[in-house]
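This briefing goes through one protein chain, topic by topic. Please keep the sequence and the structure in view while reading.

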Amino acid sequence: MKKNRLLAKWLNNDLSQDELAAFEASPDFEKYQKIKQYTDHLAMDDLDENAMLSNILKQKKATPKVVPLYKKWAFRAAAIFVLALGVTLAFNFLTPQTQTAGFGERTTFSLPDNSTVVLNSGSEINYKKLNWDSHRTLDLKGEAYFRVAKGRRFEVHTNLGKVTVLGTQFNVKARKNRFDVVCYEGRVKVNYANTQIVLTHGQSVSFENKNQTNTIVNVSKPEWMDNQISFYKEDIRSLLDEVERQYNITVELNSKDTTSLFTGKLPAKDLNVALHIISTTYHLEAKKVSENKIIFDEK
């Protein structure tokens, strides 16, 4: 405030000798001096005060527009909401989508084209919504059943092979080194390593360590969807892995015989019956050492 008062007095040449000396010694004096020298050359026409007052009175007074505070906040909130909604939609559209089914669980969901997917226990699917209509591709870890909507090509990628279909129903399972595909309707093309095979209604193929097995199925959907775990020439370790996934338990096997192959079914909702079938088939004794742990010992 004091500085502004000194500046005004200096412009009007009202500073005392002491004040003038102090003002000229200030760090900003050179800047003020240049400004004063410039403005001194500016000319202004004589002011006609009466004409100015007359013009002001003739002007139509505009009524100021008052926007209530609550409306301002409403507009701001609406803008923020629209922006957030746009960001959310763009994020969901561009970000890869992931669906999972934990141990002891199943997950059913629809893809952007209304194709239906049912994930079996311990499985995961990843896909992108971007350009889905022209690029219907997803990545599967585990096992899933598909009811594909009519349309363009549909592809399922796994770490063991690829399945290509066009409007059909099929099941894909990729566990460890085993790759199983069953066609329940339509046609599917299966790619495994350097092998390509086309399956039609009621046909199934299994690949394990580059060995191929073809079978015929007489059911309309996977047995696991009816709470039955189906096996075809699988070893006991693969069998127990599936039991662990379906029941969300840990199984320890103490047996020298791990190569005998099992073909049959186990219940997915009755653990005691499943343990009895395994024990009888492999001549083992099942011990439940905790709520979530089973140990199989040789008899």
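## Helix α6 and its surroundings

Helix α6 is mostly covered, with ten of its twelve residues buried. The model is a predicted one. Its chain has seven helices and 18 strands, and buried residues make up 34% of the 299 residues. Among the contacts with a separation of 6 or more, 40% are between residues 24 or more positions apart.

**Helix α6**

- The buried residues of α6 are I236, L239, L240, D241, E242, V243, E244, R245, Q246 and Y247.
- From its first C-alpha to its last, α6 reaches 16 Å, close to the 16 Å expected at 1.5 Å a residue.

**Helix α7**

- Helix α7 covers residues 271–282, twelve in number. The helix reaches 17 Å from first to last C-alpha, close to the 16 Å expected at 1.5 Å a residue.
- L271, A274, L275, I278, S279 and Y282 are the buried residues of α7. They lie on the same side of α7 because they cover an arc of only 130° around the axis.
- The exposed residues N272 and H276 are on the face of α7 turned away from its buried side.
- The buried residues of α7 pack against α6 (236–247) and against four strands: β14 (228–235), β16 (261–267), β17 (284–290) and β18 (293–298).
- H283 follows α7 and has a positive phi, near 55°.

**L271, a residue of α7**

- L271 is placed in helix α7. Its relative accessible area is 16%, so L271 is buried, the cut-off being under 20%.
- Not counting residues up to four places away in sequence, L271 touches V243, Y247 and I249. Of these, V243 and Y247 are among the buried residues of α6.
- L271 and Q246 are 25 residues apart along the chain, and their C-alpha atoms are separated by 9.5 Å.

**The largest pocket**

- The volume of the largest pocket is about 500 Å³. Of its 28 lining residues, V182, V217, E223, S230 and Y232 are the closest to the centre.
- At least two lining residues come from each of β8 (169–175), β9 (178–185), β12 (203–208), β13 (211–216), β14 and β16.
- Strand β14 gives the most to this lining, with six residues. The buried residues of α7 also pack against β14.
- By class, the lining has ten nonpolar, ten polar and eight charged residues.

**Positive phi in and beside β14**

- Most residues other than glycine have a negative phi.
- N227 is not a glycine, yet its phi is positive, about 65°. This residue lies in the loop between β13 and β14.
- With a relative accessible area of 28%, N227 is partly exposed.
- K233, also not a glycine, has a positive phi of about 50°. K233 is found in strand β14 itself.
- The relative accessibility of K233 is 43%, so this residue counts as partly exposed.

**Two loop residues, R153 and G167**

- R153 sits in the loop between β5 (136–147) and β6 (154–157). Its relative accessible area of 51% makes R153 exposed, since the cut-off is over 50%.
- Leaving aside neighbours within four places in sequence, R153 is in contact with R136, T164, V165, L166 and K189.
- The C-alpha atoms of R153 and S134 are separated by 8.2 Å, with their positions 19 residues apart along the chain counted as the distance apart.
- G167 is in the loop between β7 (161–165) and β8. At 6% relative accessibility, G167 counts as buried.
- Apart from its neighbours within four places in sequence, G167 is in contact with V148, A149 and K150.
- G167 and F154 are 13 residues apart along the chain, and 8.0 Å separates their C-alpha atoms.

Conventions: Residues are numbered from 1 along each chain as its sequence is written. This is a predicted model: local features need pLDDT of at least 70, side-chain atom pairs count only at pLDDT 80 or more; totals for chains, interfaces and linings use all residues. Side-chain values use heavy atoms; hydrogens and water are left out. The expected span of a helix is 1.5 Å times one less than its number of residues. Buried means under 20% relative accessible area, exposed over 50%, partly exposed in between (1.4 Å probe, protein chains only). The arc is that of the directions from the helix axis to the C-beta atoms. Contact means heavy atoms within 4.5 Å. On a 1 Å grid over the protein atoms alone, a cavity is a set of points where a 1.4 Å probe fits but cannot get out, and a pocket is an open set with protein on both sides within 12 Å along at least five of seven lines; lining residues have an atom within 4 Å of a point. Grid points are joined across faces, edges and corners, and a volume is the space filled by probe spheres set on the points. Ala, Val, Leu, Ile, Met, Phe, Trp, Tyr, Cys and Pro count as nonpolar, Asp, Glu, Lys and Arg as charged, and the others, Gly among them, as polar.
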